[in-house]
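I opened this entry to record what I looked up in the structure, region by region. The sequence and model are placed here for reference.

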Amino acid sequence: MRFTLNGAPAEVGAHPMRRLLDVLREECGLTGTKEGCGEGECGACTVLVDGEPVCACLVPFAQVADAEVTTIEGLGGDHPLQRAFASLGGAQCGICTPGMIMMATKLPPNSTLDDVRAGLAGNLCRCTGYEAIYRAVLEAAAETAEAPA
Ligand code: FES
Ligand code: FES
């Protein structure tokens, strides 16, 4: 099946009912997307499909035919959110981190703490309080807002 993966054309032969999460990790070698609950409850497996966040553990592979899938690897490693999470200690075990970051890419650049809390309400972290995560997202949002257009 053909789709676009992190900006490049991809063709993967996997059963249409396999979970997108498993296809990404096992067929495509993109292990940045993590599994937490496996039931759509924790947001750890969040990726973007045609720009919208989805839980990859709930999406059958068939559903991304001809779609554009973006995983944490697609952000390239130097995205403001990735830098802020690293520098402000937003990750502990890191299981929730890729999902948090993918969800946070959808927050507007000038997000307030309330926006961040609401935007990430579906992403659960088992390791820590959420303060470092929120600080990292706010710093990245501020950086993005200041960046020249
Ligand atoms: S692993 Fe997909 S929502 Fe928890
Ligand atoms: S850092 Fe471990 S679950 Fe969030």
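I began at Ala62, which lies in the loop between S4 and S5; helices (H or I, at least four residues) and strands (E, at least two) are DSSP runs, numbered from the N terminus. The model is predicted, so local features need pLDDT of at least 70 and side-chain atom pairs count only at pLDDT 80 or more, while totals for chains, interfaces and linings use all residues. Residues are numbered from 1 along each chain as its sequence is written, chains are lettered from A and ligands numbered from 1 in the order in which they are written, and side-chain values use heavy atoms, with hydrogens and water left out.

Is Ala62 buried or exposed? I noted that Ala62 counts as partly exposed because its relative accessibility is 36%; buried means under 20% relative accessible area, exposed over 50%, and partly exposed in between (1.4 Å probe, protein chains only). Not counting residues up to four places away in sequence, Ala62 touches Met1 and Pro16, where contact means heavy atoms within 4.5 Å. I also took the C-alpha separation of Ala62 and Asp78, which are 16 residues apart along the chain, and obtained 31 Å.

Next I looked up Thr71, in the loop between S5 and helix H2 (80-87). Thr71 has a relative accessible area of 0% and is therefore buried. Leaving aside neighbours within four places in sequence, Thr71 is in contact with residues including Leu5, Asn6, Val47 and Met102. The side chains of Thr71 and Glu73 are joined by a polar contact of 2.7 Å; such a contact is a pair of N or O atoms within 3.5 Å, and within protein one must be able to donate a hydrogen and the other to accept it, with residues adjacent in sequence counting only if both atoms are side-chain atoms.

I then traced the sheet. It is open, with five strands in the order S2-S1-S5-S3-S4 and mixed pairing; two strands pair if DSSP finds at least two bridges between them. Strand S2 (8-11) and strand S4 (52-55) are the edges, each pairing on one side only.

At one edge, strand S1 (residues 2-5) pairs with S2 in the antiparallel sense over four bridges, and Arg2 has Glu11 in S2 as its bridge partner. I recorded S1 and S2 as a hairpin with two residues between them, where Asn6 in the turn has a positive phi of about 50°. At the other edge, strand S3 (residues 46-49) runs antiparallel to S4 and is joined to it by four bridges, with Val49 opposite Glu52 in S4.

My last local entry was helix H5 (residues 131-146). Its 16 residues, at 1.5 Å a residue, should span 22 Å, and its end C-alpha atoms are 22 Å apart, which agrees; the expected span is 1.5 Å times one less than the number of residues. Among the buried residues of H5 I listed Ala132, Ile133, Tyr134 and Ala136. The cover over the buried residues of H5 includes H2, H3 and helix H4 (113-119).

For the whole chain I noted five helices and five strands, following the pattern β-β-α-β-β-β-α-α-α-α along the sequence. Of the 149 residues, 41% count as buried. Along its principal axes the C-alpha trace spans about 40 × 35 × 20 Å.
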